[in-house]
Amino acid sequence: MSDQCDALLERLELFLDGECASDAEQVIEQHLQDCPPCLHRADFERRLRELVATKCRDSAPAGLVDGIMSRLQLS
């Protein structure tokens with residue numbers, strides 16, 4: 001991996017969240033077009049996010065939040 005790859009990976013989360021400045025976003029998109037390993041990593045992160053978003057929609061069982069809050073207040 002190059003220094004450019006390291007720099008991209010540091011900003012990948014912001015990029016995937018759509019929170020990069022437009023100039024940084026263009027730099028990252030260009031790097032992803034030219035670097036298969038970073039593109040693979042970005043695709044993996046996107047798929048992982050999609051999987052978590054679709055599988056983690058259940059709400060906590062009734063009483064769980066209250067039970068945790070009660071225990072936190074005791075400690």
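The side chains of Asp43 and Arg46 meet in a salt bridge, with an N to O distance of 3.1 Å, and because the two residues stand three apart in helix 3, about one helical turn separates them. This is a predicted model, and the structure holds four salt bridges.

**Salt bridges**
- Asp43 is partly exposed at a relative accessible area of 28%, and Arg46 is likewise partly exposed, at 31%.
- Salt bridges that share partners join Glu13, Asp17 and Arg49 into one network.
- Within that network, the side chains of Arg49 and Asp17 meet at 2.4 Å, N to O; Arg49 lies in helix 3 and Asp17 in the loop between helix 1 and helix 2, so the pair ties together parts that are 32 residues apart in sequence.
- Arg41 and Glu45 also form a salt bridge, at 3.2 Å from N to O, and both lie in helix 3, four residues apart, or about one turn of the helix.
- In this pair Arg41 counts as partly exposed, at 38% relative accessibility, whereas Glu45, at 12%, counts as buried.

**Helix packing**
- Helix 1 (residues 3–16) and helix 2 (residues 22–34) pack at an angle of about 120 degrees, with axes 10 Å apart, which makes helix 1 oblique to helix 2.
- The crossing in which helix 1 passes helix 2 is left-handed.

**Surface and loop**
- Leu64, Val65, Ile68, Met69 and Leu72 make a nonpolar surface patch of about 450 Å²; of these, Ile68 is found in helix 4 (residues 64–74) and is partly exposed, with a relative accessible area of 43%.
- Pro61, in the loop between helix 3 and helix 4, is exposed at 56% relative accessible area.

How values were computed: Residues are numbered from 1 along each chain as its sequence is written. This is a predicted model: local features need pLDDT of at least 70, side-chain atom pairs count only at pLDDT 80 or more; totals for chains, interfaces and linings use all residues. Side-chain values use heavy atoms; hydrogens and water are left out. Patches are made of residues with over 30% relative accessible area and no salt bridge: like charges are joined within 9 Å, nonpolar side chains (Val, Leu, Ile, Met, Phe, Trp, Tyr) within 5 Å. Accessible areas come from the Shrake-Rupley method with a 1.4 Å probe; for residues, only the protein chains shown count as cover. Buried means under 20% relative accessible area, exposed over 50%, partly exposed in between (1.4 Å probe, protein chains only). Axes are lines fitted to C-alpha atoms, for helices over the stretch in contact, and angles run from 0 to 180 degrees between N-to-C directions. Angles under 35 degrees count as roughly parallel, over 145 as roughly antiparallel, 65 to 115 as roughly perpendicular and the rest as oblique. A crossing is left-handed if the near helix is turned anticlockwise from the far one by less than a right angle, and right-handed if clockwise.
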